[in-house]
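Student: I am new to this structure and would like a close look at one part of it. Please take one strand and follow what surrounds it, step by step.

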Amino acid sequence: MGMKTKTFVCCFGGGGGGAKGFQGATAELRGEEASFELLGSFDNDAYACKAFEYFTGVPQIRIDARELTPALVR
């Protein structure tokens with residue numbers, strides 16, 4: 001079977017270390033392989049948002065988690 005791509009959003013992404021790891025990761029389960037595509041992230045720290053975008057190449061929205069709604073996450 002071919003490689004599938006799974007998408008993900010990184011909640012409270014910080015400086016992007018965890019997200020960067022996912023970007024380069026692959027997984028295999030029961031003969032199926034998958035890679036990961038990062039769609040975006042959110043955090044409330046302005047410096048972390050800049051670092052996240054620099055390291056991952058994907059934007060991170062600066063927002064307080066208490067202000068999030070399901071529509072914003074989508």
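Tutor: What follows is a walk along strand S3 and the parts linked to it.

The model is a predicted one. Strand S3 covers residues 32-43, and Ala 34 is one of its residues. Ala 34 has a relative accessible area of 12%, which is under 20%, so it counts as buried. Leaving aside residues up to four places away in sequence, Ala 34 touches Met 3, Lys 4, Lys 6, Ala 25, Thr 26 and Ala 27. One of these partners, Met 3, is 31 residues from Ala 34 along the chain, yet the two C-alpha atoms are separated by 5.2 Å.

Next comes the largest pocket, which holds about 180 Å³ of space. Its lining is made up of Val 9, Leu 39, Gly 40, Ser 41, Phe 42, Ile 61, Ile 63, Leu 68, Leu 72 and Val 73. Two elements, S3 and helix H3 (70-73), each give two or more residues to this lining. S3 provides the largest share, with four residues. Sorted by class, the lining has eight nonpolar and two polar residues, and no charged ones.

Phe 42 appears in that lining, and it also leads to the aromatic rings. The model has five aromatic pairs. In one of them, the ring centres of Phe 12 and Phe 42 are 5.1 Å apart and the planes stand at 70°; that angle is over 60 degrees, so the pair is edge-to-face. This pair links distant parts of the chain, since Phe 42 lies in strand S3 while Phe 12 lies in the loop between strand S1 (3-11) and helix H1 (17-23), 30 residues apart. The two partners fall into separate exposure classes. Phe 42 is buried, with a relative accessible area of 8%, whereas Phe 12 is exposed, at 56%.

A second edge-to-face pair is formed by Phe 22 and Phe 36, at 5.2 Å centre to centre and with 90° between the planes. This pair also links distant parts of the chain: Phe 36 belongs to strand S3 and Phe 22 to helix H1, 14 residues apart. Phe 22 is partly exposed, with a relative accessible area of 41%. Phe 36 is partly exposed as well, and its value is 23%. Together with Phe 8, these two residues, Phe 22 and Phe 36, form one aromatic cluster.

The last stop is a pair of cysteines, Cys 10 and Cys 11. A disulfide is a covalent bond between the sulfur atoms of two cysteines. The count of disulfides in this model is zero. Cys 10 takes part in none, and the nearest cysteine sulfur to its own, that of Cys 11, is 7.0 Å away. Seen from Cys 11, the closest cysteine sulfur is the one in Cys 10; a disulfide needs the two sulfur atoms within 2.5 Å, so a separation of 7.0 Å is too far for a bond. The two cysteines are not alike in exposure either: Cys 10 is buried, with a relative accessible area of 16%, and Cys 11 is partly exposed, with 45%.

To go back to the strand, S3 holds Ala 34, gives four residues to the lining of the largest pocket, and carries Phe 42 and Phe 36, each in an edge-to-face pair.

Methods. Residues numbered from 1 in each chain as written. Predicted model: local features only at pLDDT ≥ 70, side-chain atom pairs only at ≥ 80, totals over all residues. Heavy atoms only, no water. Buried < 20%, exposed > 50% of the residue type's maximum accessible area, 1.4 Å probe, protein only. Contact = heavy atoms within 4.5 Å. 1 Å grid on protein atoms, 1.4 Å probe; cavity = no way out; pocket = protein on both sides within 12 Å on 5 of 7 lines; lining within 4 Å. Points joined across faces, edges and corners; volume = space filled by probe spheres on them. Nonpolar A, V, L, I, M, F, W, Y, C, P; charged D, E, K, R; others polar. Phe/Tyr/Trp six-rings, centres within 6.5 Å; stacked < 30°, edge-to-face > 60°.
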